[in-house]
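Reader: Hi! I'm new to this one, could you walk me through it?
Author: Happy to, let's put it up and start with a single residue.

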Amino acid sequence: MNNRIPILHAILSHLKNSPASFHVPGHKMGRGLSASFGAWLGPAGRLDLTEIPGLDDLHAPEGAIREAEELAAVAFGAEETFFLINGSTAGNLAMVMTVCRPGDAILVPRNLHKSVIHGLVLAQARPVFYTPEVDRAFGIATAVTTAEIERAVQANPDAKAVLITSPTYHGICSDLTAIADIVHRAGMMLLVDEAHGAHFTFHERLPQTAMAAGADMAVQSTHKLLGALTQASMLHIQGPRIDRVRLRKRLQLVQSTSPSYLLMASLDCARQQMVESGRELLERAIRAADEGRERLRELPGLSLLPADDPLKWTINVTELGLSGTEAYRLLHEEQKITLELSDPYNVLAVLTYADGPRGIDRLVTALAKLTVQGERIPMAVPAFAEQPVGRAVLPLHMAFDLDSETVPLREAVGKVAAEMVIPYPPGIPLVVPGEEWTIDMIDYIEQLRAAGVRFSGAEDAAINTVQVIRQ
C-alpha cells in the first residue's frame with residue numbers, strides 16, 4: 001500500500017487516454033509553453049493539470065488527493081495531514097487563524113517566522129512574546145527552555161496556544177515533549193513551525209518530530225529537506241483539541257483555488273520515496289556528514305555550531321578574518337559552492353539525503369581553501385547587550401493597517417512602529433508593528449550596524465529611517 005503514489009497515478013491514468021484539453025491551464029498539457037521553457041520542462045508540462053474528473057479537488061478531497069494525504073499522515077505519524085501548495089506560510093497562517101479569534105492571546109517566540117506575524121494580523125490575535133536562548137559566540141537564536149515556556153504560560157493563563165519554532169533554521173531543537181506537557185496541562189494547544197524538520201521521521205539519529213512529542217499541529221516544508229518541489233509543504237494534526245471544520249475553512253482561505261498538480265504530485269512522491277528508502281538515503285547522508293564534520297574540525301579558524309540536526313552546518317568564520325558574507329561570496333564566486341545563507345559571522349550549509357560523500361567532500365575542500373588564503377586578522381565578535389524588548393501600545397493588526405510615515409531613526413523615540421525590524425543575526429525581531437520605539441532600541445541598532453549586522457523586515461534595510469504610525 002505504501003508504494004502507491006495516488007496523485008501521480010491518477011494523472012498518468014488520465015493522460016493514457018490521450019484526452020483533448022478544452023480546459024485550463026492555457027498551455028494545454030505543455031503544447032503551448034514557450035519553446036525555451038518547454039524544452040527545459042519536458043514531459044513534466046503534461047502533468048500540469050487542474051481539477052477535472054478523476055484528479056480530485058484539494059479543497060474537498062475524495063479520491064487520489066485524499067488517499068495521498070492519508071498515506072502521508074501514516075508516514076509522518078499524524079492523525080490527519082493536509083497538503084500545502086502555498087508553502088509552509090499557508091500552514092502557519094491556517095494554524096494561527098484556526099486557534100485564534102479576534103483579541104485572543106497566543107504565546108509566540110521572538111524568533112518567529114514572518115508568516116506567523118501575518119497570521120496574527122489576519123486573525124486579529126494578540127501576540128505575547130517569549131524569548132529563545134542565544135548562542136553568544138555565534139550570535140544565533142537557539143532553543144527555548146522549558147522554564148521560559150512555564151513562565152510564559154503561568155503569566156498568560158488566558159492564551160489559547162503556544163507556537164514554537166523547532167527546529168530552528170540552524171537545526172536546534174527545543175524539548176517538545178516537556179513543552180507539550182506544560183502547554184496541555186495549562187489547557188492550551190501546542191503549534192509547531194517545524195518547517196526544517198520534515199526528514200526527522202525517517203532516521204533514528206535525527207530529532208524527535210513534533211507529532212511524536214505530542215504537538216497538536218505542526219507544519220513541515222517538505223520541499224526544504226525532502227524531495228518535493230519548492231512551495232510544497234504539509235500540515236500535520238492530531239488530538240481532540242483542534243476544530244477540524246474551522247481548520248479546513250482556514251486552509252481554503254489561504255490556499256489557491258487552482259492548486260498545482262505538479263506540487264501535489266511531488267508531495268505524494270516525496271512521501272513514497274521516504275517510506276520506501278528514506279532510512280537508507282538518510283543513513284548515507286548522515287554518515288557522510290559525520291565524516292565531513294570531523295574533517296571540518298581539523299581546519300584552523302573554523303568552528304561549528306552544535307546542532308541537533310547533523311545535516312545543518314553553521315560555520316563561524318571570524319577567526320579567518322572573514323565575515324560570513326565575505327566567505328559566502330568567495331565560496332560562490334571562486335569555488336562554485338552556494339550555501340544557504342550568511343550573516344556577519346557565519347555561513348550555513350544545508351545537507352540532505354541528496355548529498356553523498358562526493359558532494360560533502362567538495363564542500364569541505366572549498367572551506368579548507370578559505371583557511372589558507374593569506375594572513376588575516378581575526379574579527380572580533382562584539383559582546384552584545386541583551387536585546388531590548390518592545391512594549392506593545394497598539395494591537396498588531398491595527399498597527400499593520402494604519403497609515404505610516406518615514407522618520408529618521410533618531411526621531412523615532414516615543415513613536416509606534418509600523419514595520420518589523422529584524423537584526424540578523426540572531427533573527428529575533430527587535431520591534432514589531434504596534435510596539436513603541438525607545439532610545440535603548442535605537443542605541444542597540446547603532447551598535448549592531450557598526451558591527452556589520454544586516455536587517456530585514458524594514459523598508460530601509462540600512463535602518464537610517466524607519467516607518468512609524470502617522471500621528
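Author: Isoleucine 422 is buried, at a relative accessible area of 13% (buried means under 20% relative accessible area, exposed over 50%, partly exposed in between, with a 1.4 Å probe and protein chains only). This is a predicted model, where local features need pLDDT of at least 70, side-chain atom pairs count only at pLDDT 80 or more, and totals for chains, interfaces and linings use all residues. Residues are numbered from 1 along each chain as its sequence is written, and side-chain values use heavy atoms, with hydrogens and water left out.

Reader: Cool, and which strand does isoleucine 422 lie in?
Author: Isoleucine 422 lies in strand S16, residues 422-424. Helices (H or I, at least four residues) and strands (E, at least two) are DSSP runs, numbered from the N terminus. The C-alpha atoms of isoleucine 422 and glycine 457 are 6.0 Å apart, with their positions 35 residues apart along the chain.

Reader: Switching to helices: how many residues of H5 are buried?
Author: Seven of the ten residues in H5 (residues 114-123) are buried, so the helix is mostly covered. Among them are Val116, Ile117 and Leu120.

Reader: What do those buried residues pack against?
Author: The buried residues of H5 pack against helix H4, strands S2, S3 and S6, and helix H14; contact means heavy atoms within 4.5 Å.

Reader: Which residues have the most contacts inside the largest nonpolar core?
Author: Those are Ile7, Ile11, Trp313 and Leu367, in a core of 66 residues. A nonpolar core is a set of buried Ala, Val, Leu, Ile, Met, Phe, Trp, Tyr and Cys residues joined through side-chain atoms within 4.5 Å. The largest share of this core, 14 residues, comes from H11.

Reader: Any odd backbone spots?
Author: Most residues other than glycine have a negative phi, and most peptide bonds are trans. The peptide bond from valine 24 to proline 25 is cis, with omega near 0 degrees, and the one from serine 166 to proline 167 is cis too, with omega near 5 degrees.

Reader: And what about phi of lysine 28?
Author: Phi of lysine 28 is positive, near 55 degrees. Lysine 28 sits in the loop between H1 and H2 and is partly exposed, with a relative accessible area of 23%.

Reader: Is aspartate 56 buried or exposed?
Author: Aspartate 56 counts as buried, at 15% relative accessibility. Its phi is positive as well, near 70 degrees.
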